[in-house]
Structure formats: C-alpha cells, structure tokens
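Biologist: Got a minute to go through this model with me? I'd like to start at the metal.

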Amino acid sequence: MDSVGVTASAPDAGPGPAWQSKCPWGAPSTTSISCSLADVMSEQLAKELQLEEENAAFPEVVAVAEGPFITGENIDTSSDLMLAQMLQMEFDREYDAQLRREEKKINGDSKVSISFENYRKVHPYDSDSSEDEVDWQDTRHDPYRADKPTTTPRRGFIGKGKDITTKHDEVVCGRKNTARMENFAPEFQVGDGIGMDLKLSNQVFNALKQHAYSEERRSARLHEKKEHSTAEKAVDPKTRLLLYKMVNSGMLETITGCISTGKESVVFHAYGGNATEDKVIPPECAIKVFKTTLNEFKNRDKYIKDDYRFKDRFSKLNPRKIIRMWAEKEMHNLTRMQNAGIPCPQVVILKKHVLVMSFIGQDQVPAPKLKDVTLSSEDMKKAYYQILNMMQQLYRECNLVHADLSEYNMLWHDGKVWLIDVSQSVEPTHPHGLEFLFRDCRNVSQFFQKGGVAEALNERELFNAVSGLNITADNEVDFQAEIEALEKMNEDHVQNHGKKLSTFSSDGDPPIYDE
Ligand code: ADP
Ligand code: MN
C-alpha cells in the first residue's frame, strides 16, 4: 500500500506562543509524522495517540486521600466505578422523567390512562431523589386485571370425554404459571402480561421465579446498605458526589476523615484547595453534612417553622428541602456572626445540605470543646467574660439567640472561645426566642459557676444582661412566666399589626457587660 504522508504541524513553526503551553490539549507538536494508510486506520494507533494526548493534558489525576467513603483496594477504580454508577443513575432518572412527561402527554385529561411504569429504569429502591418524588401509578392494583384462571380441582382433571384436561395440560399449566407470577415480590416487574392470555412454560416460569428471588434479595441488600449509610454516616451517594465534585473542582485538596458523627450531622476534615477569583479557601476546612434522615430533625421543627425568615417556605417544602434549610440557616447565622467579629467558623461554601467552613483547630486536630478542656482559673474567667460579651453581641448586633449554647458547642482555640453549631439559632423575636435564650443562660451560668468562676452571674442575671430586659422575678418559675408573657405580647402584636416588634427593650440601649 502506498505511503500517505500525514503531517501534523503547528500553524506557525518555531517557539510557540504563550497560549500553546496553557492549551488543555497540550501544545501541538511541530514534528511531522509519516505513516501508512493502514496505520491511519488503525484503532490501536488511534488509542495510543489519544492516550498520549491525554497524558500530556492531564498529567496529574486529582487524588483523594483514603477517606471514610472509599472502600475497596484500588482507590481509583472504586471511585471511578462509583462515579460511573452515579452518572448512570442520573441518566436513568432523566430517562424516567422524560418517560413521565410522555405518559402525561398521552394521558392528558382522559379518564382512562395508561402507565409507563414498567418501562422505568430506576428501580424503586434506587429512587430517593426529592426532585423525582412523584406518585407512580401502582400497576399492582390494576382494576382491569383479568380474573385468576380457573384452577384444576383435586381430582386432577376437568371436563368430560375428549375435552378432559389434566393439571399437566400445557395450556392450563401455562396460564397457571402466568397467574403465579403475581406471587413474586411486589417490586418485581412482571410486565403487562398478567391481563392477557399468556402461557408460560414451566421452564420459563422457573427461570423467572429464580430471577425474581435473587432480585428480591439484591433489592433488600441494596436497601439495607443504603439505609445504613444514610443513617450512620450521612454520606449517601448524592452526598458523596457533592464531596467528590468539591475535590475534583480543586476547591478542596483532600478530605481526610470524619471529626464527628452527631445525631443531625457528620463533620469531616479537609485540606483546602485552590483559591478562586472571588474566594480564598482556608488551609483547613470543616465539612458539615446535614443528615438526610429526618427522624432527628422532626424534633427541631419548632426552631425553623416559627422563624419568620423561613416561615413562608417551610410549609411548601418536602423534608429533604427542609434539611437543606438547616444548612442554609447555619450559613446565614455564621455570616452574621462573622460580620460582628464573633470568633466562629468562616463560611466557605454551601451546596445543598453540605456546608464547608473554616476548620477550628490545627493539623487535622479539632479544637477541644469547652467541656473537654481543663483551663486555668485565669483562662476560665477570661472565657466567661468573653462568652458574656459574645452573647450580647449575638443578641444585639446579630439579632440572634444561639439556642443550643453550652460547653458542647464552644471550642477553645488560640486562647479564646469559638462558637459553633448555629443551625438552630433564631432571632430574639422568634415565638420561643426568649425561652431559648434563658436556656442558654442557664447552661452558661451553671458551667462557669461549677467551674469556679465567682464572678459568674446566675441565669436570671445573665438573661437580663444579654437581653437588656429587666425581668425582676427572683425565682425561676416567675421569671419564666414573665418571659412567656413577653413572647405572647410579641405574638399578639404580630397578629394585630402584621409585624413584630423590632426589639423587646424599649428603654434605650442596655449597658454592655464587660470585664
Ligand atoms: P452537631 O449538630 O452534630 O452537634 P456541630 O456543628 O456541633 O454539629 O459539630 C459537631 C462537632 O464537630 C463539634 O462538636 C466539633 O467538635 C466539630 N466541628 C464542627 N465544626 C467544626 C469546625 N468548623 N472546626 C472544627 N471542628 C468542628
Ligand atoms: Mn454540636
């Protein structure tokens, strides 16, 4: 065969311009290659060339450190496989969504509708997407389904003379087999055949039965695994994909491991990646993943339901979106605190139910909680005054009540106290805002009084000092009654005037407590 000259040369020879070295496909080679037509047509060669090109363009594969969500021996393969599976799942979902649109179009307003259920790709167990929450028509309760074929009586045959049929009759058996398919697990898609006069041979039936059983077991396994991962680690496939995206985009360098597994969230440590135009990524980050299981959050409805900032949206949302709102709330609250100069994590980014913030601690070691650290009496006193100050700032400058303030949500780092965990924080005019504040005050007072800080105010004094209110009751019961009365007054005001009082205190700015 004749040799065909294939020349790959740069438009302008000589040292390439600057863009060439930056080109993601690499700089065009200036040497010319000659090869035969056979070579040009060779798939092998094409593959090799492509590989060469890819290697040049992507010299480094972004590596993810062995994290809690990587299993298996070969990291790259397992994560690739997982990504592929996730992509497939997304694709299947899109396919189903299209199917649904077609189904809707065909059915229109007609009283008689047809279902495409059996053509769906996503197995019912795989579907957990909020976007795809649609009530699928349940074909298992199809009213048009044919009655069960008549069974053969005990004596083993029906009919008379030459019309006699035994239970071994091929046709009867076939029909029976078809009917028996109904006994397969309800999740098993048996197709549209049940309403028709279908005859399944024993061989086909047995094969199907076997498949149905193994499918049932697989589903159960899948389901169990999924439940497990969502409940235990909050990193379901969707969350993992979100985290991988953060690493792949270069925003995070590596996710090193889990710092904390709480009831409502899981917190990971990560090393920050490259800064973007508008964002500097801290060298170490904490990733708070809000759990997508809802049990725990049900108890916390009251924090968000009555928060007017979220009120309108709350009622319309499905549970998954409510979880996202928790994350959003934490972000907004942290930002307010940051603006007031309160030591707290700095928000890096929020993606759905995943909040990335700066890490309080160093070299992967999180700062200890106040409950776990032994402070000198001097530091203890310093911490107390700092917290008193922060509570006032939080109330007055951020217009917030922490609502879960205790030695569990305060970290000791760099010789000072840092506030964390503010997803449940509310504004003071929240219908229960003052009650939450009182509870915070009680936790703080008790902790420091037990910790030997003689100057520590009692909870009622602290409440007044933070809120600027002047509740005079000298016992807890009366004090709380007054708090509730104030809250009610505010609620009535909202009812009558359609808006809330901007603040509870009317007599000017209360004195700021300080050291
Ligand atoms: P939860 O609602 O589960 O209590 P938190 O926000 O309190 O969630 O986080 C749980 C734990 O994770 C904290 O007690 C703390 O030890 C750790 N943690 C959370 N955020 C950070 C952070 N930004 N830096 C360091 N550690 C953190
Ligand atoms: Mn906490």
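Modeller: Sure. The protein donors of the manganese ion (ligand 2) are Asn409 (OD1) and Asp421 (OD), lying 2.2 Å from it. Donors here are N, O and S atoms within 2.8 Å of the metal (3.2 Å for Na, K and Ca); water is not among the atoms, so sites may look incomplete.

Biologist: Why does the pair tie together separate parts of the chain?

Modeller: Asn409 lies in the loop between α12 and β12, and Asp421 in the loop between β13 (416-419) and α13 (433-450), so the pair links parts that are 12 residues apart in sequence. Helices (H or I, at least four residues) and strands (E, at least two) are DSSP runs, numbered from the N terminus.

Biologist: Is Asn409 buried or exposed?

Modeller: Asn409 counts as buried, at 7% relative accessibility. Buried means under 20% relative accessible area, exposed over 50%, partly exposed in between (1.4 Å probe, protein chains only).

Biologist: Before we go on, what are the ground rules?

Modeller: This is a predicted model: local features need pLDDT of at least 70, side-chain atom pairs count only at pLDDT 80 or more, and totals for chains, interfaces and linings use all residues. Residues are numbered from 1 along each chain as its sequence is written, chains are lettered from A and ligands numbered from 1 in the order in which they are written, and side-chain values use heavy atoms, with hydrogens and water left out.

Biologist: Now ligand 1. Which residues are closest?

Modeller: Ser265, Lys288, Ile360, Lys369 and Asp421 are the closest of the 17 residues that surround ligand 1. A residue is near a molecule if one of its heavy atoms lies within 4 Å of it.

Biologist: How does that shell divide by residue type?

Modeller: Eight nonpolar, five polar and four charged. Ala, Val, Leu, Ile, Met, Phe, Trp, Tyr, Cys and Pro count as nonpolar, Asp, Glu, Lys and Arg as charged, and the others, Gly among them, as polar.

Biologist: Which strands supply at least two residues each?

Modeller: β6 (265-272), β7 (284-290) and β9 (354-358).

Biologist: What lies 2.8 Å from an oxygen atom of ligand 1?

Modeller: A polar side-chain atom of Ser265. On the nitrogen side, a backbone N or O atom of Ile360 lies 2.8 Å from a nitrogen atom of ligand 1. For Ser358, a backbone N or O atom lies 3.0 Å from a nitrogen atom of the ligand.

Biologist: How much of ligand 1 does the protein cover?

Modeller: 91% of the 550 Å² of accessible area that ligand 1 has on its own. Accessible areas come from the Shrake-Rupley method with a 1.4 Å probe; for residues, only the protein chains shown count as cover.

Biologist: Back to the Asn409 loop. Where is Val401 found?

Modeller: Val401 sits between α12 (377-396) and β12 (410-413). Val401 is buried, at 1% relative accessibility. Among the residues it touches are Tyr395, Phe436 and Leu437, where contact means heavy atoms within 4.5 Å. Leu437 is 36 residues away in sequence, yet 5.9 Å from Val401, C-alpha to C-alpha.

Biologist: What about odd backbone angles?

Modeller: Ala403 has a positive phi of about 75° although it is not a glycine. Ala403 is in the loop between α12 and β12, and is buried at 0% relative accessible area. Gln364, also not a glycine, has a positive phi of about 70°. Gln364 is partly exposed, at 39%.

Biologist: And how many helices and strands in the chain?

Modeller: 15 helices and 13 strands. Buried residues make up 39% of the 515 residues.

Terms used:
A polar contact is a pair of N or O atoms within 3.5 Å; within protein, one must be able to donate a hydrogen and the other to accept it, and residues adjacent in sequence count only if both atoms are side-chain atoms. Lists of a residue's contacts leave out its neighbours within four places in sequence.
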